[in-house]
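Let's take a walk through this structure, starting at the ligand and ending in the protein core.

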Amino acid sequence: MDSMTFVLFGATGDLAKRKIYPALFNLYLNQKLPKSFSVIGVGRGESSDDEFQSRVIDSLHTFSRHLLNDKSKKEEFVKAFRYCQLDVTDTAGYKKLLELVQQNEKEKNMAENRMFYLSVTPEFFDVIAMNIKDSGLGSTNGWKRLIIEKPFGHDLKSAQELNEKLSKAFEEDEIYRIDHYLGKPMVQNLEALTFANPVLQSLWNNRFIANVQITANEIVGVEERAGYYDKAGAIRDMVQNHMLQLLMMTAMHVPKRISENEIRNEKRKVMESLRPLQRDTVGVHVVRGQYEHGEISGEPVVAYGEEPGVEASSQNDTFVAARLWIDNSFWDGVPFYIRTGKRMAEKATKIVIEFKNPLKDLYNSEMEQVEPNLLTININPNEGVSLQLNSKNPINGEMEPITVDFSASKQDVPEAYELLLFDALVGDSTFFTHWNEVELSWNWVEPILEAFKENRVPLHSYSSGSMGPEAAHQLLIEDGYKWW
Ligand code: NAD
C-alpha cells in the first residue's frame, strides 16, 4: 500500500475521538495501514505533539473495539501523530501546515500521497478545500483525496454550490463522500446477497416481490443536536441520504461486472427511475410526524417541542414515512416504503422484502393461513439475514411461519469507519456517495421540502415509544399491506 499522510481537520473534535482514531488504530493492528504513514491533526486550539498523542491514546482506551491492554501498541501507533494549530479560515496559516507535511514526507521518505479528512462543520468544507489548493498542499506528485461527511448542502441549490466549489480543488474521483450507512457490513453485504445467489437474484423483480420496506428507527430523541436537527428534520438528516442509499442498494439491478463504476452506474439508474413527487400530491405518499411525550423503557420522556434548544412551536419532522415507485421494467408496480423516526419503540435498521403470495388461499382453512415469504436484512443493531417460510407444525398440524436465520458474528466485526477509511486509502470509492447520487437525491426530496415548509402535509404527532403516527400505518393498509 502507498505511504501516505493523513491530514485530519477537526482533530480535537468528537467524531475524531469516537470514530476516526479508533478506526485508524484498528486498521493499524490489522496491518491495513501503509508501513509508512503519518497523521497530522489540525485543530484550532493550542496543543503540543505529546498532548495530542495522549489525547489520541485516551480516545483509543475509551472507543476502540479492540480492548487491548498492551499500551505499547498504542504508543507505537501514535508516534506517527503530529499536531498543527491552525484556524481553517486563516489562509496564510496553511503554509505552516504544508511545511509540516513536507517535512514529515522528507524525514520518512514517503511519497506525496495526501488524504484530507474534513471532520469539521460543513460550512468549512469549501474554505478548506480552496485553501488546500491555494496553499500548494494539493499539488502533489502522488495522489490527493478528500473525505467529507454529510450534510452535503441543505437543499439542491446549496449542494450544487458546494460541489462546484469543491470541484475547483478536487476532481470527482478524488472526493470520498461518506455515508456511514454504506459502511455498515450488512449494507456492504447486500450486493453479494442479491447478486451472488441465483435463487434470490431470479426472484429480485416485480414478478415475485410484492413490496419492499426500509426502516431506520431510533429510540433516542434529538439529544444535544437541536441546533442542527431542528433545521434539518428527518427528511434531510435521514431520508435524502441514508434511506435513499439503502433504496439504491436494494433496488439496483445486477451490473455486468462488479466494479465501482458499474455499481454506481446501477445506483444512478435507480435514482433516475424514481418517480418524482408532484407538489400537490406529496401528502398522498409522504407522512410526517413529530414525537409527543411518552415512555421509553418505562421512563417518561418529553415531547420534541420541550427538548432543550427546540421552540415549543417547532414544526420540524422527527418522523417520515413514504411510498416510492421505481418506474423501470423490474420494479413496475412494486411499492417501496421507507420510514425513519426518533423516539420509536425500538432501534432497528432493516430491509424487509415481502414476496407475493399467490398461494394465500391454497388451504382453504382458518388454521392454515399461508403467510407471505419475507426476506429480512437486519442492518442494525443486529446484523443478519432471515427468511420466513411456511411450515406445518408436526405436533398440531397447523401451518405456521418459521424463520431460517443467519446472524452475523458479533465478534470482531469491523466498524463502518474502518471499512470506509480502508477503502479510501486504497482508492476504492464503491461505498462512497457519488456526486450524481447526491444531486439526484436532493432533486427527488425537493418537493417534500417545499411541501413541509409550506405546511401542505399534515404534521402528525406520535407518542414517544410508539411505532410512529397512525397515518404511517394507513399508508400501507391502503395498499393491502402492513409494516413488518
Ligand atoms: P466538533 O464540534 O466536536 O469538532 C469540530 C472540530 O473542528 C474541533 O476539532 C474544532 O477544534 C475544529 N474547529 C472548529 N472551528 C475551527 C476553525 N475555525 N479552525 C480550525 N478548527 C476548527 O464536531 P464533530 O462532532 O466532531 O463533527 C465534525 C463533523 O462531522 C460535522 O460536520 C458533523 O456533522 C460530522 N459528523 C459528526 C458525527 C459525530 O458522531 N460526532 C457523526 C457524523 C457526522
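A polar contact here is a pair of N or O atoms within 3.5 Å; within protein, one must be able to donate a hydrogen and the other to accept it, and residues adjacent in sequence count only if both atoms are side-chain atoms. Keep in mind that this is a predicted model, where local features need pLDDT of at least 70, side-chain atom pairs count only at pLDDT 80 or more, and totals for chains, interfaces and linings use all residues. Residues are numbered from 1 along each chain as its sequence is written, and side-chain values use heavy atoms, with hydrogens and water left out.

Now for the ligand. One of its nitrogen atoms sits 2.9 Å from a polar backbone atom of Val88. The side chain of Asp87 also has an N or O atom 3.1 Å from a ligand nitrogen, while a backbone N or O atom of Gly13 is 3.0 Å from a ligand oxygen. On its own the ligand exposes 820 Å², and the protein buries 73% of that (accessible areas by the Shrake-Rupley method with a 1.4 Å probe; for residues, only the protein chains shown count as cover).

Next, the core. The largest nonpolar core (buried Ala, Val, Leu, Ile, Met, Phe, Trp, Tyr and Cys residues joined through side-chain atoms within 4.5 Å) has 140 residues. Buried means under 20% relative accessible area, exposed over 50%, and partly exposed in between, with a 1.4 Å probe and protein chains only. Phe6, Phe9, Phe77 and Leu97 have the most contacts (heavy atoms within 4.5 Å) inside this core.
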